[in-house]
Number of protein chains: 2
Amino acid sequence: MAFEFGSVSRRTFLASSAIALGSTAIRAQAFAAEPKKTVGFALVGIGKLSMEQLLPAFAKCEYARPVALVSGHPEKAKEQAAKYGIDPKNIYNYENYDTIKDNPAIDVVYIVLPNGMHAEYTIRGAQAGKHVLCEKPMANTPAECAAMIDACEKAARKLMIAYRLQYEPVTQKAIELARSPEAVGVIKQVTAEGGFNIGDPTQWRLNRKLAGGGSMMDIGIYALQAARYLSGEEPVEVTAISYSTPNDPRFKEVEETVAFDLKFKSGAIGSCVSSYGYGCNRFRVYGTKGQIQSEPYLSYQGNRLWQGNDREGNGLEITPGNHFALEMDHMAQCVLDDKTPKTPGAEGLQDVKIITAIYEAARRGAAVKIV
Amino acid sequence: MAFEFGSVSRRTFLASSAIALGSTAIRAQAFAAEPKKTVGFALVGIGKLSMEQLLPAFAKCEYARPVALVSGHPEKAKEQAAKYGIDPKNIYNYENYDTIKDNPAIDVVYIVLPNGMHAEYTIRGAQAGKHVLCEKPMANTPAECAAMIDACEKAARKLMIAYRLQYEPVTQKAIELARSPEAVGVIKQVTAEGGFNIGDPTQWRLNRKLAGGGSMMDIGIYALQAARYLSGEEPVEVTAISYSTPNDPRFKEVEETVAFDLKFKSGAIGSCVSSYGYGCNRFRVYGTKGQIQSEPYLSYQGNRLWQGNDREGNGLEITPGNHFALEMDHMAQCVLDDKTPKTPGAEGLQDVKIITAIYEAARRGAAVKIV
């Protein structure tokens with residue numbers, strides 16, 4: 001691991017010195033002076049998310065730090081490396097990517113590529129001996145997801161899917177309230193919507209091979225996640241209706257909108273929408289005792305949460321955090337402490353499995369069981 | 001018609017007197033003195049809705065007034081008649097109901113019976129020569145609805161379904177905004193929910209024969225209506241998931257919750273929920289230019305409407321009106337002016353047709369086309 005120091009022996013040293021001195025104050029000071037163990041991340045893909053969110057977020061991380069970039073654009077990579085203090089020797093491209101195995105500074109590869117490339121670069125990363133943090137959706141198909149899980153298991157590397165909301169305080173508070181018998185009671189329904197009006201028709205998100213699908217893969221997955229983590233359950237059946245505006249150049253290959261309903265094991269219902277045609281960004285949980293609601297819930301910042309069916313003011317006071325910093329730090333801590341990430345490969349596979357069933361339900365005009 | 005006076009000749013008389021006198025002031029005074037033409041209503045069924053809403057609402061009507069009651073409970077009927085100045089001679093029961101044909105005071109019968117009795121009492125009312133205002137849902141099946149329309153056509157009597165929201169200002173403003181290219185643009189989605197936590201397990205609404213179904217017939221129909229009148233379109237296809245809590249004595253015969261999605265002709269989507277398990281009472285319209293939202297939207301009063309995706313304060317300032325008074329006055333005016341009601345039998349039939357398809361979709365686990 002890319003520790004700043006040979007820290008185990010250093011910690012032992014400092015600890016014993018403190019004990020020898022018999023002074024709690026001096027001991028605390030000694031620990032404070034000890035640099036934190038950190039974990040080196042290589043960003044694989046330096047598109048908009050990497051440049052606008054991830055690279056700046058490292059400044060707020062306690063355990064994760066950027067040490068390498070993997071990109072098809074050497075000039076852009078050099079520029080970003082310079083900006084974030086990354087050694088230019090640690091810039092890789094997609095051809096020499098596998099040689100990261102020889103670079104001990106890299107502990108984790110964070111796959112920020114188009115969905116259709118997640119499987120390949122996760123598997124190659126694991127085979128190079130690196131832990132993998134992979135953007136959502138995990139991959140285009142359940143089979144790809146299974147292969148990713150398999151490769152990481154075989155390499156004894158950790159695999160985490162980058163569901164940033166599960167690591168930030170507003171979502172965590174929502175989940176806490178949703179589990180509360182006093183606040184919500186028995187959950188009867190979760191409605192969740194995710195959508196935005198997508199721009200440039202030539203972007204990879206609108207290319208079936210690269211994106212695996214349309215709005216459902218990219219933004220509807222947030223609604224699906226919300227329905228799952230808020231209900232605390234898995235759906236057993238889905239129905240769906242899909243729609244794309246005819247002759248809209250954006251939707252030649254992938255769908256615009258999907259309305260999907262989930263039937264959970266307990267009978268609770270998820271009523272969800274996904275769209276690339278218009279903005280929607282809210283959820284509500286209906287329970288026998290009460291409700292919680294959020295709008296927006298999936299933005300990078302400014303998410304709001306209310307308890308009850310009224311929306312007074314800005315909602316609950318929750319100290320926000322940088323979603324990406326929290327998520328990357330979680331991965332780093334899992335590596336440091338040898339723990340399984342809260343959103344492992346199985347979590348990503350489950351979503352891709354359900355999304356596949358949603359697409360099938362829309363295509364066949366039939367309810368599809370999730371097995 | 002149950003006019004207070006032989007008003008046509010009276011109006012002619014007053015008008016010509018005024019002209020003869022050559023004084024606008026006197027003429028206005030003369031018109032003011034002329035009693036309004038009114039239309040006599042017989043309430044058929046005096047349950048909670050009649051007693052708590054309809055009978056009090058007549059006081060706010062300009063054209064409709066209560067002249068008769070039809071009930072199986074003579075004492076209750078006498079009491080209510082006394083309270084609202086209804087001639088006790090105009091109290092009927094379900095056996096002698098057809099003799100209303102001999103009572104010229106009754107112009108309209110307002111059917112406020114359990115759903116399963118709507119068809120019979122509408123048809124008998126029309127055959128007795130009366131116009132019919134019938135509560136929603138129109139009937140238990142499309143076939144019953146068709147028979148009702150047929151009977152009213154044959155008798156040359158008007159038939160209106162009591163969709164009160166279509167007559168009140170908040171809904172009307174919502175529809176106006178939904179049609180506005182500036183406010184909403186092209187509608188992409190309507191979400192609409194209707195639900196409440198139903199009480200007494202022995203009530204007729206939970207009896208399949210009397211209610212025709214569960215929440216969908218009674219409260220989900222509001223969500224369906226909203227999706228239809230806000231989109232301004234008819235669905236071509238529906239999917240649905242239905243759920244009833246096992247061993248809940250309320251849901252032995254009818255369903256608790258239905259999540260249903262509508263695909264409209266234009267491709268716009270309706271994402272809707274109906275429940276007898278928990279309260280939900282909101283809609284939102286998503287368009288290419290903007291949004292409108294309402295919560296509550298189906299209450300008897302206090303409904304609120306916002307333009308945009310934020311909810312600042314209490315929403316748009318709209319002068320409210322008594323839904324039932326407005327609805328009954330509309331029926332009365334249609335009778336007076338010989339016009340077709342805005343929500344005729346065809347409107348009721350369309351909802352029952354779609355609800356039947358929703359039930360079929362839930363039962364079969366299949367998308368069902370609306371033909």
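In the predicted model, K130(A) is placed in the loop that runs between helix 5 (118–127) and strand 5 (131–134) of chain A, and with a relative accessible area of 5% this lysine is buried. The side chain of K130(A) reaches two backbone oxygens, that of I106(A) at 2.7 Å and that of I100(A) at 3.3 Å. When neighbours within four places in sequence are left aside, the residues in contact with K130(A) are I100(A), K101(A), N103(A), P104(A), I106(A), D107(A), V109(A), G125(A) and R157(A). One of these contacts, K101(A), is 29 residues away from K130(A) along the chain, with a separation of 7.4 Å between the two C-alpha atoms.

A buried polar residue is also found in chain B, where Q166(B) has a relative accessible area of 8% and lies in the loop between strand 6 (159–161) and helix 7 (169–178). The side chain of Q166(B) makes a polar contact of 2.8 Å with the side chain of Q225(B). Residues up to four places away in sequence not being counted, Q166(B) touches T171(B), Q172(B), Q225(B), Y229(B), K342(B), T343(B) and E347(B).

As to confidence, chain A has a mean pLDDT of 92, and 91% of its residues reach 70 or more. Over residues 1–30 of chain A, however, the pLDDT is below 50, and this stretch has 31 contacts in the model beyond near neighbours in sequence. Where pLDDT is low, the predicted coordinates should not be read in detail.

Two domain annotations are recorded for chain A in UniProt, in an unreviewed entry. The record assigns residues 40–163 of chain A to "domain: Gfo/Idh/MocA-like oxidoreductase N-terminal"; over this range the chain is 35% helix and 20% strand, and the C-alpha atoms at its ends are 26 Å or less apart, namely 20 Å. Residues 185–370 of chain A carry the UniProt annotation "domain: Gfo/Idh/MocA-like oxidoreductase C-terminal", and here the chain is 30% helix and 27% strand, with the end C-alpha atoms 26 Å apart.Over all chains, the structure holds 14 aromatic pairs. In one of them, F196(A) and Y276(A) are arranged edge-to-face, with 5.3 Å from centre to centre and 70° between the planes. Because F196(A) lies in the loop between strand 7 (187–195) and helix 8 (208–211) of chain A, and Y276(A) in the loop between strand 10 (269–275) and strand 11 (280–287), the pair ties together parts that are 80 residues apart in sequence. The two partners are set differently with respect to solvent accessibility: F196(A) is partly exposed, at a relative accessible area of 29%, whereas Y276(A) is buried, at 0%.

A further aromatic pair, formed by Y286(A) and Y278(B), is tilted, with 5.2 Å centre to centre and 35° between the planes. This pair crosses between chains, from Y286(A) in strand 11 of chain A to Y278(B) in the loop between strand 10 (269–275) and strand 11 (280–287) of chain B. Both members count as buried, Y286(A) with a relative accessibility of 0% and Y278(B) with 3%. Elsewhere in chain A, ring pairs link Y94(A), Y97(A) and Y121(A) into a cluster.

Charged side chains also lie over aromatic rings in chain A. R311(A) is found over the face of W306(A), at 4.9 Å from the ring centre, while the charged end of K342(A) sits over the ring of Y167(A), 5.1 Å from the centre of that ring.

With regard to backbone geometry, most residues other than glycine have a negative phi, and most peptide bonds are trans. The peptide bond from K136(A) to P137(A) is nevertheless cis, with omega near -10°, and P137(A) is placed in the loop between strand 5 and helix 6 (142–154) of chain A. In chain B, a cis peptide bond joins E295(B) and P296(B), with omega about -5°; P296(B) lies in the loop between strand 12 (291–294) and strand 13 (305–307) of that chain.

A positive phi of about 65° is found for N247(A), which is not a glycine. N247(A) is located in the loop between strand 8 (235–243) and strand 9 (257–264) of chain A, and this asparagine is exposed, with a relative accessible area of 79%. For N247(B), phi is likewise positive, near 65°, in a residue other than glycine. N247(B) lies in the loop between strand 8 (235–243) and strand 9 (257–264) of chain B, and at 78% relative accessibility N247(B) counts as exposed.

Notes:
Residues numbered from 1 in each chain as written. Chains lettered and ligands numbered in written order. Heavy atoms only, no water. pLDDT = per-residue confidence, 0-100. Contact = heavy atoms within 4.5 Å. Phe/Tyr/Trp six-rings, centres within 6.5 Å; stacked < 30°, edge-to-face > 60°. Helix = DSSP H or I, 4+ residues; strand = E, 2+ residues; numbered from the N terminus. Buried < 20%, exposed > 50% of the residue type's maximum accessible area, 1.4 Å probe, protein only. Lys NZ or Arg CZ within 6 Å of the ring centre and 35° of its normal. UniProt positions renumbered as here; feature names shortened; annotations may be inferred. Polar contact = N/O pair within 3.5 Å; in protein donor to acceptor, adjacent residues only side chain to side chain.
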